[in-house]
There are 2 protein chains.
Amino acid sequence: MPCEVQRVMFVPVPIGHVHSPYNDTTSIPKGLGARHDAEGALEIIPEFELGLTDIEGFSHLFVLWVFDRSRDFDLIGTPPCDNRPHGVFATRSPRRPNPIGLTVVELLRREGRLLHVRGVDMLDGTPILDIKPYLSGIPTDSLRRGWLTEAEAAQQMTP
Amino acid sequence: MPCEVQRVMFVPVPIGHVHSPYNDTTSIPKGLGARHDAEGALEIIPEFELGLTDIEGFSHLFVLWVFDRSRDFDLIGTPPCDNRPHGVFATRSPRRPNPIGLTVVELLRREGRLLHVRGVDMLDGTPILDIKPYLSGIPTDSLRRGWLTEAEAAQQMTP
């Protein structure tokens, strides 16, 4: 097939890139209890800067980005925080049919087309696809967290 | 240019489609106080069904999907719930540089490769890009909701 454009639903374009302290995946905190409080920045490319208008008013943002150093996908995989395999759609594995990552970050301040944020878990240079305001959460008491709850319980029993 | 593949970061593929009661955008509740408790289903295509393994344990899911009936984008636009324009990245407008939508749904039950869910706000037939477990929320008291809070206050003052 000379060109895959026919099956393309849209052509993803980077709206910017992530500045992160992480240069390789092994340095990103993973697994149970991993805290993502690393500070970084979202640098939006000049042609999209106008789209940031009024973003300063939001404390938290959804960032959609590309696992650009991930190739191919696995429908079943064992995450770092469990010893049992799970379906890719029940995990945050980078090896997904569409290699899109999703992170909630706290917006610390805006400096032109740089958004200084806390909570980055992406590699430095990661392409950003979209930013959306984070508007609300699901109350904790109505949230079930699947296999993760069991994995946490198992880990707590291990000294 | 015969083929746009060179600037493609990845080629989006649908992993399934949304079954929704909404057939046109005007029927989707929008604006302030809009409740999204419509029930629908996420139908995953057979080749990806294995990726749903263990998803039953999660009460809420992130669904990433394509605004497939939206063309082009606006960096600034006036959302239905305000009379002031805002940057696209501070809104949920369908007219985005990458036309990706994000919805949190409640998983009611799984039936093979059908996920019955509550909270759909997509059109019937919308292509799904990804499903991820929803793991936690930002505590309400540390959340700021930008221009939306002001728009809500203005609306409450209008009889």
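A residue is called buried when its relative accessible area is under 20%. With that cut-off in hand, the reader can follow this predicted model from a single side chain outward to the interface between its two chains.

The starting point is A:Ile131, which lies in strand 8 of chain A. Its relative accessibility is 0%, and A:Ile131 therefore counts as buried. Which residues surround it? Leaving aside residues up to four places away in sequence, A:Ile131 touches A:Ile15, A:Leu42, A:Ile44, A:Ile55, A:Leu61, A:Phe62 and A:Leu115 within its own chain, and B:Phe89 and B:Arg96 from the partner chain. A further relation in space concerns A:Val104, whose C-alpha lies 9.8 Å from that of A:Ile131, although 27 residues of sequence separate the two.

The chain around this residue consists of one helix and eight strands. Read from the N terminus, the eight strands come in succession and the helix follows them. Of the 159 residues of chain A, 46% count as buried. When contacts between residues at least 6 apart in the sequence of chain A are considered, 77% of them join residues at least 24 apart. The area that chain A exposes is about 7700 Å², with carbon and sulfur atoms supplying 52% of it.

The contacts of A:Ile131 with B:Phe89 and B:Arg96 lead on to the interface. There, 65 residues of chain A are in contact with 65 residues of chain B. The two chains bury about 6200 Å² between them, and carbon and sulfur atoms give 67% of this area. Three residues, A:Met9, A:Phe10 and A:Phe89, supply 12% of what chain A buries against chain B, more than any other three residues.

Polar and charged groups also meet across this interface. Between chain A and chain B, 25 residue pairs are in polar contact, and two salt bridges are found. One salt bridge links A:Arg96 with B:Asp130, whose closest N and O atoms are 2.7 Å apart.

Which elements of chain A give two or more residues to the side that touches chain B? They are strand 3 (60-66), strand 5 (86-87), strand 6 (100-111), strand 8 (127-133) and helix 1 (147-157). Strand 8 gives the largest share, six residues; it is also the strand that holds A:Ile131. By residue type, the side of chain A that touches chain B comprises 40 nonpolar, 14 polar and eleven charged residues.

Definitions and conventions: Residues are numbered from 1 along each chain as its sequence is written. Chains are lettered from A and ligands numbered from 1 in the order in which they are written. This is a predicted model: local features need pLDDT of at least 70, side-chain atom pairs count only at pLDDT 80 or more; totals for chains, interfaces and linings use all residues. Side-chain values use heavy atoms; hydrogens and water are left out. Contact means heavy atoms within 4.5 Å. Buried area is the accessible area (1.4 Å probe) that two parts lose on being put together, summed over both. A salt bridge is a side-chain nitrogen of Lys or Arg within 4 Å of a carboxyl oxygen of Asp or Glu. A polar contact is a pair of N or O atoms within 3.5 Å; within protein, one must be able to donate a hydrogen and the other to accept it, and residues adjacent in sequence count only if both atoms are side-chain atoms. Helices (H or I, at least four residues) and strands (E, at least two) are DSSP runs, numbered from the N terminus. Ala, Val, Leu, Ile, Met, Phe, Trp, Tyr, Cys and Pro count as nonpolar, Asp, Glu, Lys and Arg as charged, and the others, Gly among them, as polar. Buried means under 20% relative accessible area, exposed over 50%, partly exposed in between (1.4 Å probe, protein chains only). Accessible areas come from the Shrake-Rupley method with a 1.4 Å probe; for residues, only the protein chains shown count as cover.
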